Amino acid sequence: MARELPVCNVAILHDKFRNTPEDRYMVDIALALDEKQTTLSIYTTDSGNGDILDSTSPLDKYIRTVGTWIPSNVCGAFKRMFAVFRSIWLTSKLLIDPPSPEPSVVILDLEPIAILLLSLLSNYKTLYIYHFPHLRCSDHYDKSMCVVPPLLTLKSLRYADEIIVQTKCLREVFQRSFPDITEPLVLTPSYSTGLWNADTIDVRRIIPDLPTNYKLFVAFGKFMERSNFLLILEAIDKLMISADNNLKEELHVVIAGSYRNRSPDYYNKLTETTKGKPFASKISFLKQLPTVHKKTLIQAATAVIHLVDNDLYPGPIVAAMSMAKAIISIDCGFASTVLTHRISGIFIEQDATKLATVIRKVAESPMLKTFLGNMARGKYLTDYSHKTFSDQIFSWCTRSIPDHYRSEDD
């Protein structure tokens with residue numbers, strides 16, 4: 001008689017749990033594996049004390065916090081040095097005092113030197129998550145961009161069994177940056193866990209002056225040139241000239257961005273452009289939104305506008321797809337890999353007049369809005385749902401795992 005054991009035992013190494021997309025991604029991986037009844041151990045130098053991430057509580061029993069005494073920096077300096085040291089410390093803790101049962105797979109997103117140590121000192125299968133976090137703060141994205149890594153990173157990455165990135169765009173960046181390393185796997189976040197799975201609130205708690213029958217258009221991004229928020233303002237200016245009175249009354253646009261790492265003058269440029277204009281009362285600028293507010297705005301929106309040049313990350317697109325919302329975007333970057341023009345979204349050129357025309361069509365046609373939203377939702381359920389996310393990471397963990405991790409005879 002065979003007794004079923006966990007398919008595999010997984011250790012996750014993550015530096016600090018903060019409220020960043022990278023932290024959210026690692027939590028989602030842990031939750032997905034936990035749902036598959038995988039035996040988990042999570043090593044970190046900071047678990048967030050329960051007040052940073054909304055979904056660590058189901059994982060608390062797996063978390064081992066070590067190396068809390070290691071600083072992030074000294075007077076703002078030596079950040080990279082301490083990051084490398086924390087990575088070495090976490091890896092050493094796993095090697096010296098492994099959990100029971102001992103892991104067969106290690107998933108990590110530390111400094112790449114950790115991969116080298118695991119390869120030299122253990123037989124663990126390693127899945128390395130490459131976030132490219134520094135690219136999130138770039139002023140501009142380019143379709144041919146690449147990174148120039150330190151030599152140690154280049155050497156260490158070769159020892160990973162699998163490398164995982166979030167999007168096909170990041171996979172292309174990786175291949176241009178590391179042409180001699182095996183093509184990475186793509187695992188796109190599902191935006192369906194934690195507070196993304198919580199109830200929304202009344203949208204008027206966020207935008208108190210919404211009209212009774214509103215047509216809400218929402219754009220998310222950082223307050224940087226690459227987000228093309230100025231183009232949206234130009235389009236609304238043109239639309240207010242040609243729209244009928246009903247649309248003028250009902251239309252409202254929210255520009256919601258991260259004010260952190262902003263271009264110093266860009267936010268002021270946006271507000272100055274709006275001042276004194278007839279459409280000023282139709283624009284709301286929001287900064288540093290919590291997750292529930294983001295979800296509420298998308299849920300209440302007629303459409304989501306996403307005009308980031310060559311965007312590498314999922315941003316609001318996957319979240320909008322999950323909520324069956326029409327999406328207006330430019331045909332480049334992440335959007336071009338997940339949306340089909342006039343089927344699951346609408347692609348436009350970077351032209352204010354054309355954008356104004358599309359906004360008007362979507363606002364005045366409930367049938368078009370519903371069709372685009374339903375098709376986007378169908379695409380999401382097929383390719384980007386939490387189930388798809390969970391099945392993918394689980395299959396990669398269990399691939400090439402020895403038989404003795406799967407079952408044993410009594």
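This passage describes the domains, a set of paired strands and several aromatic contacts of one protein chain. The structure is a predicted model, and residues are numbered from 1 along the chain.

The chain is divided into two parts, of which domain 1 comprises residues 9-190 together with residues 388-398, whereas domain 2 spans residues 195-384. The C-alpha centres of domain 1 and domain 2 lie 32 Å apart. To the contact between them, domain 1 contributes 24 residues and domain 2 contributes 22 residues.

Strand 13, made up of residues 326-330, has five of its five residues buried, so this strand is largely enclosed by the rest of the structure. The cover extends to both faces of strand 13, since Ala-326, Ile-328 and Ile-330 are buried on one side, and Ile-327 and Ser-329 are buried on the other. Strand 13 pairs in the parallel sense with strand 12 (residues 303-306), and four bridges join the two; in this pairing, Ser-329 of strand 13 is the bridge partner of His-306. Between strand 12 and strand 13 the chain passes through helix 10 (residues 317-322), forming a β-α-β crossover that is right-handed.

Strand 13 also pairs with strand 14 (residues 346-348), again in the parallel sense, here over three bridges. In this pairing Ile-328 stands opposite Ile-346 of strand 14. The connection from strand 13 to strand 14 runs through helix 11 (residues 333-338), and this β-α-β crossover is right-handed. Ile-328 therefore belongs to the buried residues of strand 13 while also facing a residue of strand 14.Aromatic side chains form a further group of contacts, and the count comes to 13 aromatic pairs. One of these is formed by Trp-69 and Trp-89, which meet edge-to-face at 5.1 Å centre to centre, with 90 degrees between the planes. Trp-69 lies in the loop between strand 4 (63-65) and helix 2 (79-96), and Trp-89 lies in helix 2, so the pair ties together parts that are 20 residues apart in sequence. With a relative accessibility of 52%, Trp-69 counts as exposed because the threshold for that class is over 50%, whereas Trp-89, at 28%, is partly exposed.

Trp-89 also forms an aromatic pair with Phe-85, and this pair is edge-to-face, at 6.3 Å centre to centre and with 65 degrees between the planes. Both Phe-85 and Trp-89 lie in helix 2, where they are four residues apart, or about one turn of the helix. Phe-85 has a relative accessible area of 34% and is partly exposed. Elsewhere in the chain, one aromatic cluster is formed by Tyr-128, Tyr-130, Phe-132, Phe-174 and Phe-178.

Charged side chains are likewise placed over aromatic rings. The charged end of Arg-136 sits over the ring of Tyr-313, at 3.8 Å from the ring centre, and the charged end of Lys-287 sits over the ring of Tyr-267, at 4.9 Å from the ring centre.

A last point concerns Thr-357, which lies in helix 12 (residues 352-364). Thr-357 is partly exposed, with a relative accessible area of 38%. The C-alpha atoms of Thr-357 and Ala-243 are separated by 9.7 Å, although the two residues are 114 residues apart along the chain.

How values were computed
Predicted model: local features only at pLDDT ≥ 70, side-chain atom pairs only at ≥ 80, totals over all residues. Heavy atoms only, no water. Phe/Tyr/Trp six-rings, centres within 6.5 Å; stacked < 30°, edge-to-face > 60°. Buried < 20%, exposed > 50% of the residue type's maximum accessible area, 1.4 Å probe, protein only. Lys NZ or Arg CZ within 6 Å of the ring centre and 35° of its normal. Pairing = 2+ DSSP bridges. Right-handed = clockwise from strand over helix to strand, strands pointing away. Domains from an automatic or database assignment. Contact = heavy atoms within 4.5 Å.
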